[in-house]
Amino acid sequence: MANVVVVGAQWGDEGKGKIVDWLSERADVIARFQGGHNAGHTLVIDGTVYKLHALPSGVVRRGKLSIIGNGVVLDPWHLKREIEGIREQGVEITPETLMIAENTPLILPFHGELDRAREEQATVAKIGTTGRGIGPAYEDKVGRRVIRVADLADEATLVARVDRALVHHNALRSGLGLDPIDRDALIADLLAIAPEILPYAAPVWKVLAEKRRSGKRILFEGAQGALLDIDFGTYPFVTSSNVMAGQAATGTGMGPDAVGYTLGIVKAYTTRVGEGPFPTELKDEVGERLGERGNEFGTSTGRKRRCGWFDACLVRQTCTISGINGISLTKLDVLDGFETLKICTGYELDGERLDYLPTASDKQTRCVPVYEEMPGWSESTAGARSWADLPAEAIKYVRRLEELIGCPVAMVSTSPEREDTILVKDPFAD
């Protein structure tokens with residue numbers, strides 16, 4: 001049986017949380033492999049809403065092991081609050097059900113302060129970050145000055161790591177007009193949070209290897225979306241990590257052969273939060289209608305999402321780069337009642353037709369979408385659980401998307417509820 005990697009194939013917010021939760025019933029281990037608590041996953045189970053940020057979506061499933069991998073950057077104080085909140089909803093979280101890789105980098109308070117200070121500079125174009133310190137934490141990781149989970153276990157090591165980080169950050173803060181970091185207070189705070197985090201620390205790479213050898217199924221969970229990838233996204237309006245399926249291996253300590261079936265999550269239309277190019281964005285009543293019907297507000301930030309027609313050109317591109325084997329099409333029900341639907345099949349740039357989004361930022365902003373139109377449907381698709389429940393025009397729309405992106409549909413989601421899902425192909429069956 002294959003392991004499965006779940007990645008977003010647009011700009012995030014595609015509905016990964018529900019799909020990961022649905023798939024986790026078939027998995028034994030759910031491993032988060034990148035990103036931070038800037039990600040937001042909303043799960044609706046039997047009418048109860050769970051909002052997750054740092055925790056893998058599998059934590060709401062009893063009897064499953066959830067893992068936070070080394071590719072994640074982790075705010076320990078946020079994690080503590082999130083665990084407490086989920087426990088209040090009746091979900092049990094223990095070191096037997098949740099493990100954190102010992103080499104996971106930590107997000108510290110000064111990372112968030114730096115993140116927000118940069119965004120507030122009027123002379124610098126805003127990236128549209130959540131201001132939660134994810135980018136600066138990744139910078140410290142590659143700069144070899146980050147504090148990792150394992151460092152919390154030894155005070156001497158922790159102090160040395162803090163001192164190294166502060167040499168860099170206090171210089172930055174001086175240039176931004178921020179006060180120096182209170183070294184002693186920071187160390188005291190880290191020593192205080194350590195007992196809350198260390199019980200979950202484990203050699204995750206070893207645990208996963210043992211699980212794999214014993215035939216357990218592993219579900220790898222990504223955050224954000226492929227178009228926010230640090231290398232292949234709409235740079236610089238991207239996240240600070242690799243989002244593609246290949247990161248599942250390095251972000252958990254497993255070899256590339258451990259990554260099996262890659263499932264791309266795709267909305268039946270397109271949304272984006274924050275700044276950056278968006279060729280099919282609709283700044284009219286149609287865009288407003290999509291946003292209202294889809295409840296398009298960020299789980300992490302509450303920010304209103306920008307909305308537009310489905311961009312088959314972009315999804316075809318991300319399917320290729322991430323090696324996606326099949327897609328899960330979400331929020332099909334949001335399109336109910338539209339008389340006509342449009343699908344972007346390519347772009348016009350300075351009189352030239354393109355079948356991909358170019359890398360250069362100035363070209364991205366000048367790309368004009370080329371559309372084809374399809375008839376919509378008046379019947380409701382909400383809650384559909386089989387093809388027989390869908391209107392003929394909705395099925396035609398799904399099939400046309402498959403043709404345009406060159407990738408088959410494995411699942412269709414028709415509401416936030418866990419069981420309102422049409423299974424075409426079980427990703428674990430490969």
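# Exercises on a Predicted Structure

The side chains of glutamate 403 and arginine 400 meet in a salt bridge, with N and O 2.7 Å apart. The structure is a predicted model, and the exercises below examine its charged pairs, its sheet and some of its buried residues.

## Exercise 1: Salt bridges within a helix

Task. Determine where glutamate 403 and arginine 400 lie, and state how far apart they are in the helix.

Solution.
1. Both residues belong to helix 12 (residues 392–405).
2. Because they are 3 residues apart, about one helical turn separates them.
3. Glutamate 403 is exposed, at 56% relative accessible area, whereas arginine 400 is partly exposed, at 24%.
4. A second pair may be treated in the same manner: lysine 80 and glutamate 84 form a salt bridge of 2.7 Å, N to O.
5. Lysine 80 and glutamate 84 lie in helix 2 (residues 76–88), 4 residues apart, which is about one turn of the helix.
6. Lysine 80 is partly exposed at 28% relative accessibility, and glutamate 84 is partly exposed at 35%.

## Exercise 2: A salt bridge between loops

Task. Identify which parts of the chain are tied together by lysine 331 and glutamate 296.

Solution.
1. The closest N and O atoms of lysine 331 and glutamate 296 are 3.0 Å apart, and the two residues form a salt bridge.
2. Lysine 331 is in the loop between strand 13 and strand 14, while glutamate 296 is in the loop between helix 9 (285–293) and strand 11 (306–308); the pair therefore ties together parts 35 residues apart in sequence.
3. Lysine 331 is partly exposed, at 22% relative accessibility, but glutamate 296 is buried, at 1%.
4. Both residues belong to a network of salt bridges that links Asp13, Lys267, Glu296, Arg305 and Lys331.
5. In the whole structure, a search finds 25 salt bridges.

## Exercise 3: Strand 1 and the sheet

Task. State the order of the strands in the open sheet, and establish why strand 1 is described as largely enclosed.

Solution.
1. The open sheet has 10 strands in the order 7-6-5-2-8-1-9-13-17-18, with mixed pairing.
2. Strand 7 (201–202) and strand 18 (421–423) are the edge strands, each pairing on one side only.
3. Strand 1 is joined to strand 9 (residues 261–267) by 5 bridges, and the two run parallel; here valine 6 stands opposite leucine 263.
4. Strand 1 also pairs with strand 8 (residues 218–221), in the parallel sense, over 3 bridges; here the partner of valine 6 is glutamate 221.
5. In a regular strand, side chains alternate between the two faces of the sheet.
6. In strand 1, Val4, Val6 and Gly8 are on one side and Val5 and Val7 on the other, and all are buried.
7. Since 5 of the 5 residues of strand 1 (residues 4–8) are buried, the strand is largely enclosed by the rest of the structure.

## Exercise 4: A hairpin

Task. Describe how strand 3 and strand 4 pair.

Solution.
1. Strand 3 (residues 41–45) has 4 of its 5 residues buried.
2. Strand 3 pairs with strand 4 (residues 48–52) in the antiparallel sense over 5 bridges, and histidine 41 has leucine 52 as its bridge partner.
3. The two strands form a hairpin with 2 residues between them, and aspartate 46 in the turn has a positive phi of about 50°.

## Exercise 5: Buried charges without a salt bridge

Task. Find which side chain of opposite charge is nearest to arginine 272 and which is nearest to aspartate 333.

Solution.
1. Arginine 272 lies in strand 10 (residues 270–272).
2. For arginine 272, which is buried, the nearest side chain of opposite charge is glutamate 281, 8.3 Å away.
3. A salt bridge requires the nitrogen and the carboxyl oxygen to be within 4 Å; arginine 272 has no salt bridge.
4. Arginine 272 nevertheless has a side-chain polar contact of 3.0 Å with threonine 234, and a polar atom of its side chain lies 2.7 Å from the backbone oxygen of proline 277.
5. Aspartate 333 is found in the loop between strand 13 (326–330) and strand 14 (340–349).
6. Aspartate 333 is also buried without a salt bridge, and its nearest side chain of opposite charge is arginine 293, 6.0 Å away.
7. Beyond its neighbours within four places in sequence, aspartate 333 is in contact with residues including Arg293, Thr381 and Ser413.

How values were computed:
Residues are numbered from 1 along each chain as its sequence is written. This is a predicted model: local features need pLDDT of at least 70, side-chain atom pairs count only at pLDDT 80 or more; totals for chains, interfaces and linings use all residues. Side-chain values use heavy atoms; hydrogens and water are left out. Buried means under 20% relative accessible area, exposed over 50%, partly exposed in between (1.4 Å probe, protein chains only). Two strands pair if DSSP finds at least two bridges between them. Lys and Arg count as positive and Asp and Glu as negative; His and the chain ends are not counted. A polar contact is a pair of N or O atoms within 3.5 Å; within protein, one must be able to donate a hydrogen and the other to accept it, and residues adjacent in sequence count only if both atoms are side-chain atoms. Contact means heavy atoms within 4.5 Å.
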